[in-house]
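Trainee: Got a few minutes to walk through this model with me? I'd like to go residue by residue and then look at the holes.

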Amino acid sequence: MSPSPSDDLWIRRFQPAPEATERLVCFPHAGGSASFYLPVSSALSPEVDVVAVQYPGRQDRRRERGLTSIAELADGVTEALAAWDDRPLTFFGHSMGSVVAFEVARRMERAGSGPVRLFASGRRAPSRTRGEKVHTLHDAAVVAELRSLSGTDTQFLDDEELLRMVLPAIRSDYQAVETYRCDPGATVRCPVTVLVGFDDPKTSLDEARAWEEHTLSGMDLRVFPGGHFFLSEHPADVIAVLTEHFSATASRQA
């Protein structure tokens, strides 16, 4: 039996699906939280058991120190997922969540397990860097960055009290992903599906295609209309890609 989410700092399960034969693990973007994936859980349950990662420093973990390296985040998630591997796992990460998922997959594979597929959304390949330094900027510039990506509720950004509460976690996330460096030869054994917005300022199509260098089992690329948060603009299309994956997996198991 899977552990209760209340017993695990890292994992949230909004709609338990005890009869599901597969589990989707969702990894949020920088500044994001597990609740970002509540619509995914609603759409796929009860056929798929959907859980989402909760990083330190936000929501019910807001009193904890934010972690400033992808390695720390990946270590924490890997340890937590050891209690959730009673079903085949599929990983879905958006933006920073894609590289966290990639590093968790590498750690799990070294231990003899790992996901059946990694969905990397809105993120260039792990070995592609741009030298970004948002985490070093003053508060107004960080907020401007968040607004430009349209991934955060603008009303939330206008609430000064809430903003003061979450900015430390946002900075920690940005420091983690902006200082992340990956060995060009680092790979996962599972196949990778890359999802990207055609107009994403953070990931070009060439940078997205470079994920092919980081898997031993093939990569396919899905391009959507929209920018960095295309998945919020076209949720049904993204859900359709996930449904296609789980339908194919169920057919192979039958």
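Trainee: Where does Gln54 lie?
Mentor: Keep in mind that this is a predicted model. Gln54 sits in the loop between β3 (49-53) and α2 (70-81).

Trainee: And is Gln54 buried or exposed?
Mentor: Gln54 counts as buried, because its relative accessibility is 1%, and the cut-off for buried is under 20%.

Trainee: What does the side chain of Gln54 join up with?
Mentor: There's a polar contact of 3.0 Å between the side chains of Gln54 and Gln59. Gln59 is in the loop between β3 and α2, and with a relative accessible area of 38% it's partly exposed.

Trainee: What's phi doing at Gln59?
Mentor: Phi of Gln59 is near 45°, a positive value in a residue other than glycine. Most residues other than glycine have a negative phi.

Trainee: Which other residue has a positive phi although it is not a glycine?
Mentor: Ser95, at about 55°. Ser95 lies in the loop between β4 (89-94) and α3 (96-110), and at 12% relative accessibility it counts as buried.

Trainee: While we're on backbone, which peptide bond is cis?
Mentor: The one from Ser45 to Pro46, with omega near 5°. Most peptide bonds are trans. Pro46 is in the loop between α1 and β3.

Trainee: Switching to Arg12. Which strand is it found in?
Mentor: Arg12 is in strand β1, residues 11-12. Arg12 is also buried, with a relative accessible area of 12%.

Trainee: What does the side chain of Arg12 have around it, then?
Mentor: One partner is Asp60: the side chains of Arg12 and Asp60 are joined by a polar contact of 3.0 Å. The backbone oxygen of Leu9 also lies 2.9 Å from a polar atom of the Arg12 side chain.

Trainee: OK, cysteines. How many disulfides does the count come to?
Mentor: The count comes to zero disulfides.

Trainee: Why is there no bond for Cys26?
Mentor: The closest cysteine sulfur to that of Cys26 is in Cys190, and because the two sulfurs are 15 Å apart, they're too far for a bond. The cut-off for a disulfide is sulfur atoms within 2.5 Å. As for Cys190, the nearest cysteine sulfur is that of Cys182, 14 Å away, and Cys190 is in no disulfide.

Trainee: Are those two, Cys26 and Cys190, buried or exposed?
Mentor: Cys26 is buried, with a relative accessible area of 0%. Cys190 counts as buried too, at 4% relative accessibility.

Trainee: Now the holes. How many cavities of 30 Å³ or more does the structure hold?
Mentor: Two. The largest cavity has about 240 Å³ of space, and the second largest has a volume of about 60 Å³.

Trainee: What lines the largest cavity?
Mentor: It's lined by 22 residues, and Ala30, Ser95, Leu149, Tyr174 and His228 lie nearest its centre. That's the Ser95 with the positive phi we talked about. The elements giving two or more residues to this lining are α4 and α6 (160-178), with the largest share, four residues, coming from α6. By class, the lining has nine nonpolar, seven polar and six charged residues.

Trainee: Back to α4 for a second. Which of its residues are buried?
Mentor: In helix α4, residues 139-149, the buried ones are Val142, Val143, Glu145, Leu146 and Leu149. Looking down the axis of α4, they fall within an arc of 155°, so they line one face of the helix.

Trainee: And how do the residues lining the second largest cavity divide?
Mentor: Three nonpolar, two polar and seven charged. Among the residues that line it are Arg123, Arg128, Glu132 and Arg181.

Trainee: Last one: the second largest pocket. What classes make up its lining?
Mentor: Eleven nonpolar residues, one polar and no charged ones. The lining includes Phe36, Tyr37, Phe92, Ser232 and Leu242, and the space in this pocket is about 200 Å³.

Trainee: Which helix gives the most to that pocket's lining?
Mentor: α9, with four residues. α1 (38-44), α8 (230-233) and α9 (235-253) each supply at least two residues of the lining.

Methods
Residues are numbered from 1 along each chain as its sequence is written. This is a predicted model: local features need pLDDT of at least 70, side-chain atom pairs count only at pLDDT 80 or more; totals for chains, interfaces and linings use all residues. Side-chain values use heavy atoms; hydrogens and water are left out. On a 1 Å grid over the protein atoms alone, a cavity is a set of points where a 1.4 Å probe fits but cannot get out, and a pocket is an open set with protein on both sides within 12 Å along at least five of seven lines; lining residues have an atom within 4 Å of a point. Grid points are joined across faces, edges and corners, and a volume is the space filled by probe spheres set on the points. Ala, Val, Leu, Ile, Met, Phe, Trp, Tyr, Cys and Pro count as nonpolar, Asp, Glu, Lys and Arg as charged, and the others, Gly among them, as polar. Buried means under 20% relative accessible area, exposed over 50%, partly exposed in between (1.4 Å probe, protein chains only). The arc is that of the directions from the helix axis to the C-beta atoms. A polar contact is a pair of N or O atoms within 3.5 Å; within protein, one must be able to donate a hydrogen and the other to accept it, and residues adjacent in sequence count only if both atoms are side-chain atoms.
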